[in-house]
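Trainee: Could you walk me through one part of this model in detail? I would like to look closely at a sheet and at what surrounds it.

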Amino acid sequence: MTQQYMPLARRRWLMLAGASSITALLPTLGWTDGEGDEYDSGSSTTAISPATTGLTGKMVVVGGGMAGVTAAKYLRLWGGSGLTITLVEPATTYVSNIMSNLVLNGSRTLASLGYTHGNLSSKYSVNIVRASVTGIDKTARMITLSDGSQLLYDRLVLAPGVEFEDAYGLTQVDYETRTPHAWRAGTQTQLLSDQLATMPNGSTFVMTIPKAPYRCPPGPYERACLVADYLKTSKGTGSKVIVLDENLPTDPVNPYSAIQAEAHTFTQAFSVIHAGVVDYQPGVTGIQIDPATKVVSYTDRMGVARTVSAQVVNPIPPHRAAGSRAGGWLSQAGLANSTNGKWAVVNMLSFESTAAGATGIHVIGDASQCGLPKAGHIANQEAKICADAIVRLLGGQQPDPAPVANSACYSPITATTASWLTAVYQYEGGAFKVANGGGVTTGAKPVESDSISTKNFQQMNTWFNTLMGDSFA
Ligand SMILES: Cc1cc2nc3c(=O)[nH]c(=O)nc-3n(C[C@H](O)[C@H](O)[C@H](O)COP(=O)(O)OP(=O)(O)OC[C@H]3O[C@@H](n4cnc5c(N)ncnc54)[C@H](O)[C@@H]3O)c2cc1C
């Protein structure tokens, strides 16, 4: 592999990325609003002319979701024309989880959330392989695919997202057919939407929230709000949305202190905007769900056994890195190396796995354990930090010693209003920490919107289209 001084143009790119990649997310292209048909960036799909950096090597990226596509794209933009980049992903269309709660109230269609990998191949010369990874040989630096073929790599970037545990007495078949979690957007989202549509006024919707860490900290609370709003506005005020949260309140006298993100916003939403419909119960244990009768039993945080008969049950089960189950491809390769065996622990400067013998294997997105929240915007940022580190390593340099990641997240509270949460994470003293002021105001914590408004809802669409454009266009 040729080592070469980093060209000035690329260094300027890196400076922009170092500024937490905020710049890379500015809406510079003419995105569509995503409604009605598959995403169209509105920009050219003509092949770019990547720089000649002198860098070479076989880069294999696994997973064509938020993290994987961003890594493949930025490896080309920053690594130049000499890299061979391959993306392994079984699905021809990626369905965005972000915004998928809006399918439940009919504001969006699943089709409007579909993204292909066409730009990756036509603009960024990334080879797309339609298969799943089934094994990794760390010594031979080779992966095996579901079609029996094998691929050699110099650097392997794993971005497979999560898989869901059989929980609360339910199986994967129950999730697919009777009690959908819809925590990976797709057919389960449509099933849940269809089930909601059949709920008469006066019926009960029960949803569960697993203990953190889980994907998208504000997402379950956002869903509770949208379901409550939908039931109120389209069926009448007689229905109930019972939210069984396995997370414990941090303040024993304030049940809402169990809320994992945007606590101020969701306290207002549950206790004022959707008061009388949302029944929020934190600190519950022992949830059991009968998928046939939709009877849910659990123990409340006072230790009292309770039973609820629901029309629709939406369990969000505990999840883990895809492939990390006993016998799964990630665990067999020794890469599910967190204490509980559910996540891939990584070096936060490069997202390279800390597992024994895993040199050259990076894990990004929801599958990794790196101290950052599991979110799509963060997955985009991790991919850039990882791509930057790989390019530096290929060039004989060290990864950026102080990377920065930013995150924004909008949460619809009704069909027309939303709030937001934002934070800047600075690597410091061996960990990512929320920068002082969250990057926005004083105090080292994420900053949330001080109001729930239609303006936020409009900005949400701009944020979403820009983020998806930065990843997929
Ligand atoms: C309802 C909901 C709302 C959300 N809202 C937001 C939001 O507002 N803002 C936000 O930032 N985040 C949000 N998120 C979270 C966000 O969607 C995830 O954090 C993000 O998708 C993680 O990206 P990822 O690339 O790690 O995984 P994914 O996007 O899930 O992509 C993983 C990809 O890997 C592929 N794959 C899996 N196994 C293999 C294999 N063996 N071989 C090859 N490919 C494989 C899958 O097919 C998939 O395409 C939300 C999530 C949900 C469920």
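Mentor: Happy to; we start with the sheet and then turn to the nonpolar cores. This is a predicted model, so local features need pLDDT of at least 70 and side-chain atom pairs count only at pLDDT 80 or more, while totals for chains, interfaces and linings use all residues. Residues are numbered from 1 along each chain as its sequence is written, and side-chain values use heavy atoms, with hydrogens and water left out.

The sheet is open and has four strands in the order β13-β12-β11-β17, with parallel pairing. Strands here are DSSP runs of E with at least two residues, helices are runs of H or I with at least four, and both are numbered from the N terminus; two strands pair if DSSP finds at least two bridges between them. At the edges are β13 (278-281) and β17 (312-315), each pairing on one side only. On average, neighbouring strands of this sheet are turned by 15° against each other, direction ignored; axes are lines fitted to C-alpha atoms, for helices over the stretch in contact, and angles run from 0 to 180 degrees between N-to-C directions.

Within the sheet, β11 (residues 204-209) and β12 (residues 240-245) run parallel and are joined by six bridges. One residue to look at is F205, whose bridge partner in β12 is V241. Packing on the sheet is helix α6 (residues 187-197), which touches β11 and β17 and whose direction makes about 150° with that of β17. Contact means heavy atoms within 4.5 Å.

Now for the cores. A nonpolar core is a set of buried Ala, Val, Leu, Ile, Met, Phe, Trp, Tyr and Cys residues joined through side-chain atoms within 4.5 Å; buried means under 20% relative accessible area, exposed over 50% and partly exposed in between, with a 1.4 Å probe and protein chains only. F205 and V241 appear again here: with I136, I143 and L158, they have the most contacts inside the largest nonpolar core, which has 118 residues. That core draws at least three residues from each of domain 1 (8-164 + 320-399) and domain 2 (172-317), with bounds from an automatic or database domain assignment. Leaving out residues up to four places away in sequence, I136 touches M142, I143, Y153, L156, L158, W329, A333, L335 and I361. Apart from this core lies another, of 15 residues, including A167, V206, I242 and L244.
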